[in-house]
Amino acid sequence: KQSITEEINRSGQERVTLIAESLANMIVAYDYSNLESVAERIVKLQDVQQINIRNRAGKIMASHNSTDFNANNNILAFNAPVTFAGETIGSVELVVSLERIGESISATYRNVIIATSLFGGFLGILIYATVSVFIVKPLLKLSEAAEQLALGNFSTVLPAAPKDELGNLVRAFSTMRETRKIVETELNDLNASLENIVMARIAELRDSEAYIHAVLDNVNEGIIVIEENGTIISFNPAAEKIFGYSSQEIVNQNFSLLISADELD
């Protein structure tokens, strides 16, 4: 605004001075026709809105307005004396428009807004691309890897660990994966050990039970095992010979079947 204002001031003052110098002979000769013709040509120049040519008494000799002249517009007036033989014989008033300042400022604002919008759009695309490449995609990969880890797939590949917060998160998942892998391995080993112990114990119990049955089946004494209510649950071969009942006949029967009621107490 300052630059354009200075240009208009300088141009306006130079113009009115040159016009004043060129009109001296016409004013002296009272050549109204040529004065009007000059005035008509001058108002067609850039920014010029009006020209008034006066004699030494201040009376207008020629005056002309531009086709778009409006007294309410933002205007600026320049004055220059008309001299002849060292004597002031009149003056020239040149009225110029300052609308070009507003138009230039509007154009500057428009250019700044367009440039800012373009730069903002470019910056937004750049930020989106940066966030997508360096944050969103690694997070999606890390999320998929976390789901696989939760399912027990410890061979899943984790994304690269950069030197930032995302890298710390990836390294934390890596540590968790290794820790869980160790825990799973130890649990598997423990289960295998427990299974071996249980199987060995079962084998021992089976061997012990077989030994007891072997003893019971081969002794000469009759051995009968009963519950507290008197129900027979075991009857060895010697007892079968003594009492005359087979094991199938007597098991689950009451002991009173073998001993009379008088002797039962």
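Start by selecting Arg54, which you will find in strand 1 (residues 48-55); strands here are DSSP runs of E with at least two residues, helices are DSSP runs of H or I with at least four, and both are numbered from the N terminus. You are looking at a predicted model, where local features need pLDDT of at least 70, side-chain atom pairs count only at pLDDT 80 or more, and totals for chains, interfaces and linings use all residues. Residues are numbered from 1 along each chain as its sequence is written, and side-chain values use heavy atoms, leaving out hydrogens and water.

Now colour Arg54 by exposure: this residue is partly exposed, with a relative accessible area of 22% (buried is under 20%, exposed is over 50%, partly exposed is in between, with a 1.4 Å probe and protein chains only).

Next, show the side chain of Arg54 with Glu93: a polar contact of 3.4 Å joins their side chains (a pair of N or O atoms within 3.5 Å; within protein, one must be able to donate a hydrogen and the other to accept it, and residues adjacent in sequence count only if both atoms are side-chain atoms). Add Gly58, whose backbone oxygen lies 3.4 Å from a polar side-chain atom of Arg54.

Then zoom out to the open sheet of 4 strands, ordered 2-1-4-3 with antiparallel pairing (two strands pair if DSSP finds at least two bridges between them). At the edges, pairing on one side only, are strand 2 (60-65) and strand 3 (75-84).

Finish by selecting strand 1 and strand 2, which pair in the antiparallel sense over 5 bridges. Here, look for Gln50, standing opposite Asn65 in strand 2.
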